[in-house]
Amino acid sequence: YWATDQMTSGIAIVGSLFLYATLFTLLPAYRAFVVLYSIAVFGAFMAHRQLKILPDVDKPRLISFETIVSSTPRLMTEPSLFRTYLWLSVPLFAAITPISPFAAYYLKVSAGLTAADVILLTMVTYFGLIAANWYMRAKMDRVGAKPFFRLSYIAHAAIALGWIGLLNANGKGLIVLPVLYFLQGVASGCWTSANLNYLPKILPDKDRALPVSIHGAVITFIGGCSPVIWGLFLKTGGSLPSVNVVVFKLFFASLVVVCVVLLILLNKLPEQAGVQGPTPQGVWMLRP
């Protein structure tokens with residue numbers, strides 16, 4: 001189910017990114033942005049319209065603010081399988097969240113690519129996401145989530161090594177960019193679907209909403225802080241914007257280290273393959 005959800009979303013995103021790349025090629029940048037945001041407003045209106053048509057379901061039990069305040073620190077700190085999995089997810093997000101903005105910034109200001117070029121490369125990411133979920137959708141409930149966590153870590157490490165090679169070549173090997181962006185989609189798709197498959201297996205049948213929300217909030221908050229901190233060192237001074245290539249290489253080297261460590265620590269997570277019941281839709285937290 002989650003793989004199919006990601007596939008259909010990915011197909012829609014590929015179509016929209018192709019349209020946006022065309023807009024930025026044919027129109028001045030500001031006019032292209034006007035059309036882009038107009039489409040976004042229309043999409044939000046249609047989503048709201050469709051949501052109103054959907055039949056109501058049973059309302060979940062409300063969680064009091066007092067319960068949230070008291071339970072959140074306990075879930076994050078007390079020994080449990082959820083805590084172990086949470087703190088395995090945090091370093092990954094801290095290491096991978098800066099990839100997209102840093103790559104786009106480098107390609108724009110240092111490699112000389114246009115906005116349309118970057119958008120088309122981003123579209124390749126979603127081809128990777130679609131391909132990964134097409135492969136996973138019939139297998140994950142049989143083999144479990146851990147093989148796809150491993151695949152995600154390996155793909156992210158390969159992306160980092162590819163970027164280090166590209167930077168060492170002074171940006172002359174841009175032909176490898178579609179491969180790196182495709183792998184980024186594979187890595188992201190594998191992790192997201194595996195995460196939504198694994199979380200129900202380590203949570204009780206009831207009261208799943210709070211730990212799922214904590215997991216999504218913690219990894220995205222720390223993941224959001226990571227580009228800001230790295231960015232303080234990545235951008236060089238001077239009148240013209242540019243990228244400190246040495247810092248950029250260090251960033252990707254740290255990603256390789258994180259992926260290797262996570263591959264080792266993943267063995268600590270127990271898992272039984274098979275469907276373990278529903279979990280709240282958490283993908284919206286992972287799609288800023």
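Colleague: Which residues form one aromatic cluster here, and how should I begin to read it?

Modeller: In this predicted model, one aromatic cluster is formed by Phe102, Tyr106, Trp163, Trp230, Phe248, Phe251 and Phe252. Within that group you can look at a single pair, Phe248 and Phe252, whose rings are tilted, with 4.9 Å from centre to centre and 50° between the planes.

Colleague: Where do Phe248 and Phe252 sit along the chain, and how many residues apart are they?

Modeller: Both belong to helix H11 (residues 245-265), and because they are 4 residues apart there, about one helical turn separates them. As for their surroundings, Phe248 is buried, and Phe252 is buried as well.

Colleague: How many aromatic pairs does the count come to?

Modeller: The count comes to 18 aromatic pairs, where two rings are paired if their centres lie within 6.5 Å. Take Tyr85 and Tyr198 as an example: their ring centres are 5.1 Å apart and their planes stand at 55°, so this pair is tilted. The pair links distant parts of the chain, since Tyr85 lies in helix H4 (residues 81-96) and Tyr198 in helix H9 (residues 177-198), 113 residues apart.

Colleague: Are Tyr85 and Tyr198 buried or exposed?

Modeller: Tyr85 and Tyr198 are both buried.

Colleague: What describes two packed helices?

Modeller: In general, two packed helices are described by the angle between their axes and by the distance between the axes. Here, H4 and H9 pack at an angle of about 170°, and their axes are 13 Å apart. Angles over 145 degrees count as roughly antiparallel, and therefore H4 and H9 are roughly antiparallel to each other.

Colleague: Which residues of H4 and H9 make the contact?

Modeller: From H4 the contact uses Leu81, Tyr85, Ser89, Leu92 and Phe93, while H9 contributes Trp191, Asn195 and Tyr198. Sorted by character, the residues of this contact of H4 with H9 are 6 nonpolar and 2 polar, with no charged residue. Tyr85 and Tyr198, the tilted pair we discussed, are thus found again in this list.

Colleague: How should I read burial for a single residue, such as Ala145?

Modeller: You look at the relative accessible area, and a residue counts as buried if that value is under 20%. Ala145, found in the loop between helix H7 (140-143) and H8, is buried because its relative accessible area is 0%. If its neighbours within four places in sequence are left aside, Ala145 is in contact with Met140, Ala194, Asn197, Tyr198, Lys201 and Glu271.

Colleague: What is the relative accessible area of Ser226, and which residues does Ser226 contact?

Modeller: Ser226, which is found in helix H10 (residues 209-234), has a relative accessible area of 7% and is therefore buried. Leaving aside neighbours within four places in sequence, Ser226 is in contact with Ala94 and Pro98.

Colleague: And what is the relative accessible area of Ala158?

Modeller: Ala158, in helix H8 (residues 146-168), has a relative accessible area of 32%, so Ala158 is partly exposed. Beyond its neighbours within four places in sequence, Ala158 is in contact with Leu180 and Leu183. The C-alpha atoms of Ala158 and Leu183 are separated by 8.0 Å, although these residues are 25 residues apart along the chain.

Colleague: Finally, where does Arg137 lie with respect to Trp134?

Modeller: Arg137 lies over the face of Trp134, at 5.3 Å from the ring centre.

Definitions and conventions. Residues are numbered from 1 along each chain as its sequence is written. This is a predicted model: local features need pLDDT of at least 70, side-chain atom pairs count only at pLDDT 80 or more; totals for chains, interfaces and linings use all residues. Side-chain values use heavy atoms; hydrogens and water are left out. Rings of Phe, Tyr and Trp (its six-membered ring) pair if their centres lie within 6.5 Å; planes under 30 degrees apart count as stacked, over 60 as edge-to-face and the rest as tilted. Helices (H or I, at least four residues) and strands (E, at least two) are DSSP runs, numbered from the N terminus. Buried means under 20% relative accessible area, exposed over 50%, partly exposed in between (1.4 Å probe, protein chains only). A charge sits over a ring if NZ of Lys or CZ of Arg is within 6 Å of the ring centre and within 35 degrees of the ring normal. Axes are lines fitted to C-alpha atoms, for helices over the stretch in contact, and angles run from 0 to 180 degrees between N-to-C directions. Angles under 35 degrees count as roughly parallel, over 145 as roughly antiparallel, 65 to 115 as roughly perpendicular and the rest as oblique. Contact means heavy atoms within 4.5 Å. Ala, Val, Leu, Ile, Met, Phe, Trp, Tyr, Cys and Pro count as nonpolar, Asp, Glu, Lys and Arg as charged, and the others, Gly among them, as polar.
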